[in-house]
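Colleague: I would like to learn how to read a model like this one. Can we take it feature by feature?

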Amino acid sequence: MPQRRRILPTLAVAVIFIVLEVAALRFMRSDGIMQDFFLARISHVFKAKVWGGTQRIGDYFALRGANDRLAEENFRLAQQVRSLEADRERRHLDSLAGTFGRIGDFRFQRGNIVKNSRGRQHNYLILGQGSEDGVTVHTGVITSRGVVGIVDAVGRHYSYALSFLNPEVSISARLGRDGAVGPLVWDGVRTDGAILREIPLQHKFNPGDTVRTSGYSSIFPPDIPLGTVEDSKIVNGATYDIRVRLFEDISAVRYVTLVSNDGRAEIQELEKEETP
Amino acid sequence: MRQQYFFVYYVLLTAIQVLLGNYFTFSPYLMVTLLPVMVLCIPTKYHTVWALLIAFATGMVVDLLSEGILGINTFALVPVALVRRSVCQAIFGDELITRQDDFSIRKYGIGKVLFAIVIVHSLFLVLYLWADAAGARTFSFNALRFACSLAAGLLLSVFVAEILTPDDRR
C-alpha cells in the first residue's frame, strides 16, 4: 500500500511533465506559421508595440548614419535613373511608362521595420505594414543592397517576417549574372555573413565576385545584388561552400521594399498538380 | 520573510528576464538567462507538480514577451523543474526535503549552491541550444555558445539565488 502511495504521485509528475513538454514542442513547431493562433498574434502585437516603441529611441540616435546612407543611395539611384532615361530614349521604349512600382509579376511597395531582432539564432522582423496595406504571407522583404527576410504571418497592421538571420531562411542565389545557382543561408555568426552552398566544383569564381538572387524563387525577383565572395571550401569532395560578405548589414536596416509576386498562386497551383 | 516575498521577487525577476531577452543580445555566442536558478529556488515545500506548472507558466510568459522561438524557454525550463528536488536532495542532503527546508548560500556555502546552479543551468542550456540550433549549427559553435552562456549565467545566477533564498537568521 505505501508503495502504491509513492507510485501514484510519481506517475502524476511523469504525465504532467510529458504533457507540458509536448505542449512546449507544439508551440515551437508552430511558431510564426500559425498566424491565426491567438497567442502568437498577441505575442507579435506586443513585440511590435512595446519593443518596437523602445527601438524607435535607439533608431533616433542612428538617424545621422541613416541619413548619410540615404544620401549616398539617392545619388546612386539618380545616376541610375539618368542612365535608364538615356537608354529609354535611345531605344524608344515608351511602353515602360506607367509601370512604376511593378516589374513583370512582381509588385513593390515601401515598408518599414518596427522591430528587428538581432544577436539570436532565430531572428525575426516586425513590419509596420499588414494585410490592409496589401502584405501577404511569403511577401519578400528587400533593400537595394540585398534580401532582408520573408513575411511569415500577417496581421491587419503589422506583419511578422523571418529575418535572413535565421537558419530557416534559404535564398536561391547565383554567382555573378550567369554562374552556378545554390542556396544562400546565414552563417549564424556575423550579421553580414552568409554561406552559398552546393556550388559544383567545375564552376570557377574569384574573391570579390558578386552574388545575386537567381530568380528561381517565386518570392524574390532575379538579380538583386546580395554580397561578394570572400573565400570557399570544398565539402565532401563534391561541392563548394562559399563564404559571402553581404552588402546589407541586416541588423541595421529600417526602411525596406516589400515585394509580392502576383503569379505565385499560379506557380504553386502548377507545383501542386505536378507533385504526386 | 522568504515565504512572503518569494513570489514578488520571482515575478520581478521574470520581468527582468524578459528585458534581458530583448535588450541583452550582444553576441550569437551569448544567451543570458536567470530562469534555471529561479526554478531551482522555488521553495521545496512545493511539490514537483507545482514546480512543473510554475516553470511552464514562467517559460510561456518569457517566450510570449521576448525575442526568440515561441516555446523554447518553456521546453528547456520544464525539465529543470522536474529535476529540481533531486538536485537539491543530492547536493544539500535528504534532510532539506524531509524538513521542507530551503537552501541558502549562508547555510550550505557558495560551493554547494554553485554546484546545484551549474547542474540546472547546464541542463537548461543543453536543451535550449539544441532546440535553437535546430541541427543547422556546428558542434564547435554550440559548444562555445554553451561555455560563454554558462559562464555569464553563473555570475548572475549566484546573485539571483542570494535574492530568492535569503537566510532567515539574518
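Colleague: Start with strand pairing. Which residue stands opposite A:V229 in β12(A)?

Modeller: First, a caution: this is a predicted model. Now the general idea. Strands of a sheet pair through backbone hydrogen bonds, either parallel or antiparallel. In this case, A:V244 of β12(A) stands opposite A:V229. The strands are β11 (residues 225–235) of chain A and β12(A), paired in the antiparallel sense over eight bridges.

Colleague: How many residues lie between β11(A) and β12(A) in their hairpin?

Modeller: Three. One residue in that turn, A:N236, has a positive phi of about 55 degrees.

Colleague: Which strand do six bridges join to β12(A)?

Modeller: That is strand β9 (residues 193–200) of chain A, joined to β12 (residues 239–246) by six bridges and running antiparallel to it. Take A:L196 as a landmark: its bridge partner in β12(A) is A:I242.

Colleague: How do I read the two faces of a strand?

Modeller: In a regular strand the side chains alternate between the two faces of the sheet. β12(A) shows this alternation. On one face sit A:Y240, A:I242, A:V244 and A:L246, and they are buried. A:T239, A:D241, A:R243 and A:R245 point to the other face and are not buried.

Colleague: In what order do the six strands of the barrel in chain A close?

Modeller: Follow β7-β8-β9-β12-β11-β10; these six strands close into a barrel with antiparallel pairing. From one strand to the next, the twist averages 45 degrees.

Colleague: Now another part of chain A. Which strand pairs with β4 over four bridges?

Modeller: Strand β5 (residues 146–154) of chain A does, in the antiparallel sense, with β4 covering residues 140–143. The two form a hairpin with two residues between them. A:G140 has A:I150 in β5(A) as its bridge partner. β4(A) is also joined by three bridges to strand β13 (residues 255–261) of chain A, again antiparallel. There, A:I142 is the bridge partner of A:T257 in β13(A).

Colleague: On to chain B. How many helices and strands are there?

Modeller: Seven helices and zero strands. Along the chain from the N terminus, the elements read α-α-α-α-α-α-α. Chain B has 170 residues, and 41% of them are buried.

Colleague: How do I describe two packed helices?

Modeller: Two packed helices are described by the angle between their axes and the distance between the axes. Take α6(B) and helix α7 (residues 139–164) of chain B: the angle is about 140 degrees, and the axes are 8 Å apart. Angles over 145 would count as roughly antiparallel, so α6(B) and α7(B) are oblique to each other. The crossing is right-handed. Residues in the contact include B:L114, B:I117 and B:H121 of α6(B), and B:F146, B:L150 and B:G153 of α7(B). By class, the contact has 13 nonpolar, six polar and two charged residues.

Colleague: Last, the interface. How many residues of chain B are in contact with chain A?

Modeller: In general, the size of an interface is often given as the accessible area lost when the parts come together. Here we count residues instead: 29 of chain B are in contact with 26 of chain A. On the chain B side, α3 (48–65), α4 (72–92) and α6 (105–133) each supply at least two residues. The largest share, seven residues, comes from α3(B). That side of chain B has 18 nonpolar, eight polar and three charged residues.

How values were computed:
Residues are numbered from 1 along each chain as its sequence is written. Chains are lettered from A and ligands numbered from 1 in the order in which they are written. This is a predicted model: local features need pLDDT of at least 70, side-chain atom pairs count only at pLDDT 80 or more; totals for chains, interfaces and linings use all residues. Two residues are in contact if their C-beta atoms, placed from the backbone, lie within 7 Å. Ala, Val, Leu, Ile, Met, Phe, Trp, Tyr, Cys and Pro count as nonpolar, Asp, Glu, Lys and Arg as charged, and the others, Gly among them, as polar. Two strands pair if DSSP finds at least two bridges between them. Axes are lines fitted to C-alpha atoms, for helices over the stretch in contact, and angles run from 0 to 180 degrees between N-to-C directions. Angles under 35 degrees count as roughly parallel, over 145 as roughly antiparallel, 65 to 115 as roughly perpendicular and the rest as oblique. A crossing is left-handed if the near helix is turned anticlockwise from the far one by less than a right angle, and right-handed if clockwise. A residue is buried if 20 or more other C-beta atoms lie within 10 Å of its own, exposed if 12 or fewer, and partly exposed in between; C-beta atoms are placed from the backbone.
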